[in-house]
Amino acid sequence: MGDIKRESWFPTHIWSRDIDGSEQLNSQLLSAIRGWQEEDPKGVAVSNSLGWHSQYNLHRRGEFRGIIDAINDTVAALGRDIGVVETVEPIIYTSWANVSPKHAANRMHVHPDVYLSGVYYVQVPKGCGKICFRDPRPQVEGLIFPVPRGAMWSEVTYEPKAGRMFLFPAWLPHEVLPNMSNLDRISIAFNITYRSRKS
Ligand SMILES: [Fe+2]
């Protein structure tokens, strides 16, 4: 008999990239975010508990030009990776800053009405909470194959790293585990959609 053949379908992509010059970028971002937080201490309340979540217009504020350029460049690279057609262009639909003090977490959620979501880490103290993605197919939780723990999984977690950006399909459920550090975890998140290029 021949070897058994396995093919894997319906893969879920998660992209990551370390951004050049992130040390300098992050110190600028830190002061820009702290300034914004002082200006608008209430922010908005969504999936975050305890933390500060800015308004959704980060990409329209000049002080964030550096990270917006990095997001646009990375989304363009992602488009080349999966072969997005030339007739459309990506746009940042929403973007915002998160400041998450000790014990702050983000519950499991998805981002509706957009293609891609992403996060960029500005300040990542040790133990500040991993990002966790869950298999979007609820059926797979029904019966896990009898294989060693870790050989099949329905969740995957990433350790955040300052200067690193993650992108993922917006429909992919994800959460951020509680920050157990005494220092704030600070990140910038964004949503991407595509529109027809104007000819
Ligand atoms: Fe999210």
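Colleague: Is H174 buried or exposed?
Modeller: In this predicted model, the relative accessibility of H174 is 4%. The cut-off for a buried residue is under 20% relative accessible area. H174 therefore counts as buried.

Colleague: Which residues are the protein donors of the iron ion?
Modeller: The donors lie 2.0 to 2.1 Å from the iron ion, and each contributes its NE2 atom. In sequence they follow the spacing H-x1-H-x62-H. Distant parts of the chain are linked in this way, with H109 in strand 5 (residues 105–109) and H174 in strand 10 (residues 174–176), 65 residues apart. The protein donors are H109, H111 and H174.

Colleague: Which strands stand at the edges of the open sheet?
Modeller: The sheet has 6 strands in the order 1-9-6-11-4-3, with antiparallel pairing. Each edge strand has a single partner strand, so one side of each is left without a neighbour in the sheet. These are strand 1 (15–18) and strand 3 (52–53).

Colleague: In strand 9, which residue is the bridge partner of D18?
Modeller: Strand 1 and strand 9 pair in the antiparallel sense over 4 bridges. The partner of D18 in strand 9 is R164.

Colleague: Which helix gives the most to the largest nonpolar core?
Modeller: This core holds 30 residues, of which I33, F64, I67, I71 and M165 touch the most other members. Helix 1 (22–39) and helix 2 (65–82) are among the elements that each supply at least two residues. With 6 residues, the helix that gives the most is helix 2.

Terms used: Residues are numbered from 1 along each chain as its sequence is written. This is a predicted model: local features need pLDDT of at least 70, side-chain atom pairs count only at pLDDT 80 or more; totals for chains, interfaces and linings use all residues. Side-chain values use heavy atoms; hydrogens and water are left out. A nonpolar core is a set of buried Ala, Val, Leu, Ile, Met, Phe, Trp, Tyr and Cys residues joined through side-chain atoms within 4.5 Å. Buried means under 20% relative accessible area, exposed over 50%, partly exposed in between (1.4 Å probe, protein chains only). Donors are N, O and S atoms within 2.8 Å of the metal (3.2 Å for Na, K and Ca); water is not among the atoms, so sites may look incomplete. Two strands pair if DSSP finds at least two bridges between them.
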